[in-house]
Amino acid sequence: MYRQSMLVDFVKKLNMSVARSIAEREDVEEIRIRVNRPVTVRAGGREYYVTVGGTLSESPDRCIIPGSGEINTMFLSINEKSVYAYQDEIKKGFITIKGGHRVGIAGKTVLSEDGAVNYIKEISGLNIRAAKEIKGCGIGPVKHIIRNPEDIYSTLIVSPPGTGKTTLLRDLTRILSDGTNTPFFKGLNVGLVDERSEIAACYRGVPQNDVGKRTDVLDGCPKVTGMLMLLRSMAPGIIVTDEIGDKGDADAVRCVANAGVRLVATAHGYCKNDLTDLRRDAKELAEEGIFQKIIVLDNSKGPGTVKCVLNGGTLNGN
Amino acid sequence: MEINTLVKLAGALLIVSGSTLFGKSVGGIYKKRVEFLRDFQGRLDVLKNEIGFMRGVLSQCLQKAAEYEGASKCIFSETIDALEAMEAEEAWNEACEKALCRLYFSGEEEDAVKSLGRFLGASDTERQIENIEIVKDKISLFLNKAEEEKKKNEPFFKNAAPLAGVGIAILLF
């Protein structure tokens, strides 16, 4: 409800008549605003046009068609008239707003000398994606992670894109931070390195997702730097991070493991009964036993379905 | 003492006190201009730090710059109020119009203060800092000029106006 009202407030700020219709339903997934094309809303798996009167309609008749001036005004409103304050987010192509919702930005990219995206100008499209947090999806998998009431196994969550790794990681972070009764785990200090602001979805430093009462978040910080910073400064019992992949990440993970801190991370990969399709560095970490458990997900029963759990080192299933 | 003399004395007193007040008020404008420019310069430093280092959103940065009392506080606080309803440049200009009309600034001085609004919030950190630095340099030049004018004109108006009042009173007596 809180999230929904944040989304409605935000849409109101953009002077969009659709705010009332959005307030009436909680299944809004995204709102797409494109220059000289109809504004569309995806809700409950279906796409609707927004009429001039602010209602949702399946017919494109009398729908809102914003011009570039309107989109630019919306863009300025999204970045709170402070382009400099959001320049890093703009470079990444999205801005996280209050409530953890995310606004994707499309337009003409301005490149720096080294070819990196420096800015996006001439904004041609905005995609407001409603944040969804599935609390409780980690209750099943967490039993594989808990070693005893005061300790966990370092765990790697592996799956192809779009199968709920980040959603599961977020809920596991909350459970491991708050503690749980089934099985009993007292809860530990968690250091979360949220490089892409996807897990905690911080807005002005405040996590918009529930990541637990004992969780410290380093928002927008590169994984390698963040893991080492947390290790030195926050004395975490567990470090959580998303999508480890290259050698730098692997070295930082080893460093954390050597310091006796547990890790929960995710990696892209496909798995039948072994880890053949896991990226090399992540696979090495699993084979070395730095990750003691590998949870493999698939999408067979919706996002976050556990396909199998492997033991690190031996990579045998259990 | 005759009533006629009493009236003349009262009139003379009025002329002298009126001219003294006039001198003080004109001299005070020079003082206020210097105070304003010096205060504005200080707030630009706060704004530069907030934008460059803290990277807060514009309303937060302006809020920090408007945190303490001083001659130019109103520009920053009024911009924050107007920011909800309009673009940053428009809000800044409107606040400047209100504040500067009481200070008899020259067109150039007004332009220098207003020029901050032109890019306020609308570019990356580097450009914001550059813009603030440019405005600060301009203000620094105007501050030197205003200080010289104050040194020259403030005592003149403060001293000469009462004397002129006394002169007029003697002539009329």
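Which residue of chain B meets the side chain of Asp88(A) in a salt bridge? Keep that in mind as you walk through this predicted model.

**Before you start**

Residues are numbered from 1 along each chain as its sequence is written, and chains are lettered from A, with ligands numbered from 1, in the order in which they are written. Because this is a predicted model, local features need pLDDT of at least 70 and side-chain atom pairs count only at pLDDT 80 or more, while totals for chains, interfaces and linings use all residues; side-chain values use heavy atoms, with hydrogens and water left out.

**Stop 1: colour by confidence**

Colour both chains by pLDDT, the predictor's confidence in each residue, from 0 to 100. Chain A averages 87, and 94% of its residues score at least 70. Within chain A, look for α1(A), where confidence is lowest at a mean of 71, and then for strand β17 (residues 238-241), where it is highest at 97. Helices (H or I, at least four residues) and strands (E, at least two) are DSSP runs, numbered from the N terminus. Chain B has a mean pLDDT of 89, with 99% of its residues at 70 or more. Among the elements of chain B, α2(B) has the highest mean, 95, and α6(B) the lowest, 88.

**Stop 2: the two domains of chain A**

Now select residues 2-129 of chain A as domain 1 and 142-311 as domain 2; such bounds come from an automatic or database domain assignment. The C-alpha centres of these two domains lie 31 Å apart. Twelve residues from domain 1 of chain A and eleven from domain 2 of chain A take part in the contact, where contact means heavy atoms within 4.5 Å.

About 820 Å² is buried between the two domains of chain A, and carbon and sulfur atoms give 40% of that. Buried area is the accessible area (1.4 Å probe) that two parts lose on being put together, summed over both.

Next, show the side chains of Arg204(A) and Glu80(A): they form a salt bridge, with the closest N and O atoms 2.2 Å apart. The term requires a side-chain nitrogen of Lys or Arg within 4 Å of a carboxyl oxygen of Asp or Glu. Between domain 1 and domain 2 of chain A the count is two salt bridges.

On the side of domain 1 that touches domain 2, pick out α1 (2-13) and β5 (94-96) of chain A, the elements that give two or more residues. The residues of that side of domain 1 divide into four nonpolar, three polar and five charged. Here Ala, Val, Leu, Ile, Met, Phe, Trp, Tyr, Cys and Pro count as nonpolar, Asp, Glu, Lys and Arg as charged, and the others, Gly among them, as polar.

**Stop 3: where chain B meets chain A**

Bring chain B into view: 18 of its residues are in contact with twelve residues of chain A. The area buried between chain B and chain A is about 1,100 Å², with 50% of it from carbon and sulfur atoms. Select Arg55(B), Val57(B) and Glu87(B), which lose the most area to chain A in chain B, together 43% of what that side buries.

Here is the partner from the opening: Arg55(B) meets Asp88(A) in a salt bridge (3.2 Å, N to O). On the chain B side of this interface, α2 (58-65) and α6 (125-172) are the elements that give two or more residues. The largest share, three residues, comes from α2(B). By class, this side of chain B has eight nonpolar, six polar and four charged residues.

Over all chains, the count comes to 31 salt bridges. Asp88(A) lies in helix α4 (residues 87-92) of chain A and Arg55(B) in the loop between α1 (3-54) and α2 of chain B, so the pair joins two chains.

**Stop 4: two backbone details**

Most residues other than glycine have a negative phi, and most peptide bonds are trans. Zoom in on Thr182(A) and Pro183(A), which are joined by a cis peptide bond with omega of about -5 degrees. Pro183(A) is in the loop between β11 (180-181) and β12 (184-185) of chain A.

Finish at Asn36(A), a residue other than glycine whose phi is positive, near 60 degrees. Asn36(A) sits in the loop between β1 (28-34) and β2 (40-43) of chain A.
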